[in-house]
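The exercises below ask you to read a structural model step by step, and each task is followed by a worked solution. Please keep the sequence and the structure in view as you go.

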Amino acid sequence: MERRTLFPGRALPALLILPQLVLTAVFFLWPAAQAIWLSTRREDAFGTSTAFVGLENFADLFADPLYVAAAGRTALFCTAVTALAMGAALLLAVFADAEIRGRAFYRTMLIWPYAVAPAMAAVLWVLMFQPQIGLVGAWLNRVGIRWDYRLDGTEAMALVIGAAAWKQVSYNFIFFLAGLQAVPKTIIEAARIDGARGFHRFRTIVLPLLMPTVYFLLVVDVVYAAFDTFATVYALTQGGPGQSTQTLVLKVYLDGIVNADVGSSSAQSVVLMAGVILLSSLQFRFLGRKSAT
Amino acid sequence: MAGLTLQDLRKSFGGTEILKGVDLDLPDGEMLVIVGASGCGKSTLLRLVAGLETPTAGRILIDGRDVTGVDPSARDIAMVFQNYALYPHMSVFDNMAYGLKIRGLSRADIRAKVDEASALLGLDALLARKPRQLSGGQRQRVAMGRAIVRDPKLFLFDEPLSNLDAKLRVQMRGEIRRLQRRLGVTSLYVTHDQVEAMTLGDRLLVMHDGVPVQFATPMDVFERPADTYVAGFIGSPAMNLLPGILERDGSAVTVGGVTIPLAGRRFTGAGGHPVTVGIRPEHVVVDPAGAEWPVELVEPLGSETLVHAARPGGATLTVKLAGGGTDVGGMVPVLFPPEHLHVFDRNTGRRMEPANAA
């Protein structure tokens, strides 16, 4: 059902959407325009003057092996975070959907990580996995498994994937739980009487009915992993050791702010922006198609 | 052999007892209709037989086999749900084939069984469609087909017609009856609709507050209701129930100020015993010699006319007259033919049988 409120005249509606428009203009349109502008310019070594260079920054970018490596690393990171966050959330949602004692408490606890600020999440993971003082990290070294994510790139990657996925499990959990609860009970009962048990019933009946939720979360999680994990990763490893956890968003920041190569950094953010627009339009097209049927 | 046996079946949710002990023996191949108002426990009873709920006490035997603790998948039953519960992501064919695939039948066998059932139900042209592309009646048929292909020991129907419009309901009612007769599978059918109950069942089980109040053939239930609840529930419009007094040696009743000799029937019970006298609206006779009742409302239904009358004391009476447009004045004089009177004990509500019954 659609609810509409009609306002008389033009002044009131304009006034009501003004705050949103101003926020969008100041925090999105203006910086985006600035990024596009800067991506076509190059600063001299002393930062005193800039010159128009056309698409040269972009050409340099795609020719740069470090950038290509970061893109590949980001793809791996996104895939792993999405798979882990969705898999864990689905498993937990299936358990939480069952008739168990203390279900409300269990569900509430599972939603908490979503409320934890990214930097705080990183601190929690440091406290767990730091090789000397972390609960798990110190224990690993004590039992003879050498573990130091500050030195080993693979371990660092595993750590940031774990932390980023953990942050997203709650969000996925909420949607999966809602999706599971939207599956009509009688359909499950019909399947029970038809003889379907356990995992087979889940795979042939529940999962197909859950696919719209799966597609939605797939897009949301990829966007999250690609663009929204900066704080978690930066607070954990600053992209290191070396470049082993440097994803594309980190590279934008490190190249632009730390290394002061504003032209290249802007070109990178324009590429990312194109990525976000592409994913969002995919999502809108998919959701639009769903609601049309 | 008994198709279905229930022994002292009980079910409580929390501290509330929903089913208070049901005993039942349904002969093989018969259709039992469980009827009762909302909340009488009829759906719970069906779900217990299906295995979707676990009984608090008692036993369930299907075809002589104790299935009380057995998983629904192993009970060899099929169920038709009120909302059909079709698998929305599967075609009509796959909906029907699902249970057979799980049982490991060969592709050819599945094909043959589904084809047979769909021919029986007129679904041949719809096998490739998804449930959302079907009308209510077609979905209902698919749900039936899914039950039939399984070739089960027992069919369970949970108010399968209540989501259909009136015309389709009458049509599907006939189809269900024909199918069940033809397949000869023992069936349990839950409904709150007494017309469905009367037309579908070989036997009726009338439930009231978790207690089975009468288990008999539909005509038996109609002609000899076991208590005032059944008397008021089965039959439309409902049976008139009026307070009365047993007279003399039990061979007459006084009702509405008129003493009626019971034409040879004699009830055990002292004179003055309070009773409830029942008479169906179609059995009340309008006769100038009868007692007068003030008319409250006249409902012409075309082929018949319902006259509702009420006396100041609160007693109400419905009279069904043949024909439409019957002219009824402010008072209607009525006679109660003694052979159509039902007598119930007013204290217990139970039907009273004449001591000299033939």
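**Exercise 1: Two residues with positive phi**

Glu159(B) counts as partly exposed, because 19 C-beta neighbours are found inside 10 Å. Bear in mind throughout that this is a predicted model.

Task: Describe the backbone setting of Glu159(B), and then treat Asp8(B) in the same manner, including whether Asp8(B) is buried, exposed or partly exposed.

Solution: Begin with the torsion angle, since phi of Glu159(B) is near 40 degrees, which is a positive value in a residue other than glycine. Next, place the residue in the chain: Glu159(B) sits in the loop that runs between β7 (154–158) and α5 (166–183) of chain B. The burial class follows from the neighbour count, because a residue needs 20 or more other C-beta atoms within 10 Å to be called buried, and Glu159(B) has 19.

Turning to Asp8(B), phi is again positive, at about 45 degrees, although this residue is not a glycine. Asp8(B), however, belongs to strand β1 (residues 2–13) of chain B. With 13 other C-beta atoms within 10 Å, Asp8(B) is partly exposed, because the exposed class ends at 12 or fewer.

**Exercise 2: The two domains of chain B**

Task: Where are the bounds of the domains of chain B, and how many residues of each are in contact with the other?

Solution: First take the division itself, in which domain 1 covers 2–232 and domain 2 covers 237–345 of chain B. The centres of these two domains, taken over C-alpha atoms, are separated by 38 Å. Then consider the contact between them, where 5 residues of domain 1 of chain B meet 7 residues of domain 2 of chain B. On the domain 1 side, the touching residues divide into 2 nonpolar, 2 polar and 1 charged.

Now look at Pro237(B), which is found in the loop between α8 (228–233) and β11 (240–247) of chain B. The peptide bond leading from Ser236(B) to Pro237(B) is cis, with omega near -5 degrees.

Finally, compare the database record: an unreviewed UniProt entry lists "domain: ABC transporter" at residues 4–234 of chain B. That span is 37% helix and 27% strand, and its end C-alpha atoms lie 24 Å apart.

**Exercise 3: Chain B as a whole**

Task: How many helices and strands are there in chain B, and what percentage of its residues count as buried?

Solution: Counting the elements gives 8 helices and 19 strands in chain B. Of the 358 residues of chain B, 40% count as buried. Along the principal axes, the C-alpha atoms of chain B fill a box of roughly 75 × 45 × 40 Å. As a last step, consider the contacts in chain B between residues at least 6 apart in sequence, of which 63% join residues at least 24 apart.

**Exercise 4: Where chain A touches chain B**

Task: Which elements of chain A give two or more residues to the side that touches chain B?

Solution: The contact involves 14 residues of chain A and 17 residues of chain B. On the chain A side, the elements that give two or more residues are α8 (185–193) and α9 (198–227), and the largest share, 6 residues, comes from α8(A). By residue class, this side of chain A divides into 8 nonpolar, 2 polar and 4 charged.

For context, an unreviewed UniProt entry places "domain: ABC transmembrane type-1" at residues 71–283 of chain A. Over those residues the chain is 77% helix and 0% strand, with the end C-alpha atoms 22 Å apart.

Definitions and conventions. Residues numbered from 1 in each chain as written. Chains lettered and ligands numbered in written order. Predicted model: local features only at pLDDT ≥ 70, side-chain atom pairs only at ≥ 80, totals over all residues. UniProt positions renumbered as here; feature names shortened; annotations may be inferred. Helix = DSSP H or I, 4+ residues; strand = E, 2+ residues; numbered from the N terminus. Domains from an automatic or database assignment. Contact = placed C-beta atoms within 7 Å. Nonpolar A, V, L, I, M, F, W, Y, C, P; charged D, E, K, R; others polar.
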